[in-house]
Amino acid sequence: MIEIRHVSRRYGSVQALNDVSLHVKKGSILGLLGQNGAGKTTLLNVLTGYLAPTKGQVLIGGHDPLLEPAQAKRRLGYLPENPPLYDEMTVREYLRFASELKGVVGKFIPAHVDEVMAFCGLTEMQNRLLGHLSKGYRQRAGLAQALCGDPDVLVLDEPTVGLDPKQITEIRALIRQLAHNHTIVFSSHILSEVQQLCDHVVILDRGEVKLDASMAEVSQSDGAAVRCTVCAPESRFVSRVRDLDGVRRVTVQPCDQPDHTELLIEFSDDAQPEKRLFALMSSMGVPVVHLSRSESSLEQIFLDVISR
């Protein structure tokens, strides 16, 4: 459904993207990860036809957004990080306008807008000015405009940013429903969100693809990770933990308890890492407050990729 072939993009002397190639299958959800400045937004702008690549080509359903903009963009719905809303319009007026732009036949627009509003939970807000909506409803309105015209592909850039926990849960539920009938490219800084929603993940770093793998492959990664909280200052024991057999990485985590240190410890094998840690802490007389296996394998892989 989406082909990105050897795409590069420069801004003057800055190489924002460098030889990026991706393939997104029909009906899949691809999670796009990367630090600030990694090239995620530039890649989405090239994908949607907003920017032209310096080199390479993008195809959406076999159509190039630059050479065949009408055919390519008819298949595409885009929700940028800041939804493109006209505050002086009502929700219904805005979605009718978006449907006209997407080429929906005039006599079908009222029913189409009703369907989109119902799906996004906007029916009760249809006569409310967009400028008077809460952040959560504005995000829903932005998602609704992306759905106008019933596109095959949805590009969602940080769709849950700035929302409260309840709103995040609701937007995630909508995305799960959309995955049944759409191909989705989903950019986020929230690793747990990508792990919950996506079946494929791509990690960008400095404009290059550093990882392109299915979530099944990510979850089958070797090794183990353990979270450990102890009642002792970091300087007392971290170097000893790093010297343990099989330790691949030790990352000090934020901890709001005074005189406590929390670590994420990655092991290259899965042979009882908790037992080795507990034995070390006992021999040093360091009280262990918490010790558990970490399930966030995507977090470990992300840290490993960007550190390389």
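Just after helix H3, in this predicted model, Gly103 takes a positive phi of about 85 degrees. Helix H3 itself, which runs over residues 91-101, has as its buried residues Val91, Tyr94, Leu95, Ala98 and Ser99. These five residues cover an arc of only 135 degrees around the axis, which puts them on the same side of H3. The spacing of such positions follows a general rule: an α-helix has 3.6 residues a turn, so residues three or four places apart point the same way. As for what this side of the helix faces, the buried residues of H3 pack against H4 and H5.

Before following those two helices, it helps to look at the chain as a whole. The protein chain contains 11 helices and 13 strands, and its C-alpha trace spans about 75 × 45 × 35 Å along the principal axes. Of its 308 residues, 49% count as buried. If one takes the contacts between residues at least 6 apart in sequence, 67% of them join residues at least 24 apart.

We can now return to the partners of H3. Helix H4, made of residues 109-120, packs with helix H5, made of residues 135-147, at an angle of about 140 degrees, and the two axes are 10 Å apart. H4 and H5 are therefore oblique to each other, and their crossing is right-handed. On the H4 side the contact is made by His112, Val116, Phe119 and Cys120, while on the H5 side it is made by Arg140, Leu143, Ala144 and Leu147. Sorted by class, the residues of this contact are six nonpolar, one polar and one charged.

Helix H5 also packs with helix H6, which covers residues 165-178; here the angle is about 15 degrees, and the axes lie 10 Å apart. H5 and H6 are therefore roughly parallel to each other, and H5 passes H6 in a right-handed crossing. In this pairing, Gly136, Arg140, Leu143 and Leu147 of H5 meet Gln167, Glu170, Ile171, Leu174 and Leu178 of H6. The contact of H5 with H6 has, by class, five nonpolar, two polar and two charged residues.

One residue of H5 deserves a separate look, since Arg140 is listed in the contact with H4 and again in the contact with H6. Is Arg140, a residue of helix H5, buried or exposed? Its relative accessibility is 12%, and because a residue under 20% is called buried, Arg140 counts as buried. When its neighbours within four places in sequence are left aside, Arg140 is in contact with Cys120, Gly121, Leu122, Glu170, Ile171 and Leu174.

Further along the chain there is another pair of helices to examine. Helix H9, residues 234-242, and helix H10, residues 273-284, pack at an angle of about 140 degrees, with their axes 11 Å apart. That angle makes H9 oblique to H10, and H9 passes H10 in a right-handed crossing. The residues that make the contact are Arg236, Phe237, Arg240 and Val241 of H9, together with Leu277, Leu280, Met281 and Met284 of H10. They divide into six nonpolar, no polar and two charged residues.

Which residues of H9 are buried? They are Phe237, Val238 and Val241. Seen down the axis of H9, these buried residues fall within an arc of 115 degrees, so they line one face of the helix. Besides packing against H10, the buried residues of H9 pack against three strands, namely S10 (224-230), S11 (247-253) and S12 (261-267).

The last stop is a loop residue, Ser294, which lies between strand S13 (288-293) and helix H11 (297-307). Although it belongs to a loop, Ser294 is buried, with a relative accessible area of 11%. Apart from neighbours within four places in sequence, Ser294 is in contact with Ala225, Val226, Arg227, Leu264 and Gln300. The C-alpha atom of Ser294 is also separated by 9.1 Å from that of Ile265, a residue 29 places away along the chain.

Conventions: Residues numbered from 1 in each chain as written. Predicted model: local features only at pLDDT ≥ 70, side-chain atom pairs only at ≥ 80, totals over all residues. Heavy atoms only, no water. Axes fitted to C-alpha atoms, helices over the stretch in contact; angles between N-to-C directions. Helix = DSSP H or I, 4+ residues; strand = E, 2+ residues; numbered from the N terminus. Parallel < 35°, antiparallel > 145°, perpendicular 65-115°, else oblique. Left-handed = near helix turned anticlockwise from the far one by under 90°. Contact = heavy atoms within 4.5 Å. Nonpolar A, V, L, I, M, F, W, Y, C, P; charged D, E, K, R; others polar. Buried < 20%, exposed > 50% of the residue type's maximum accessible area, 1.4 Å probe, protein only. Arc of directions from axis to C-beta.
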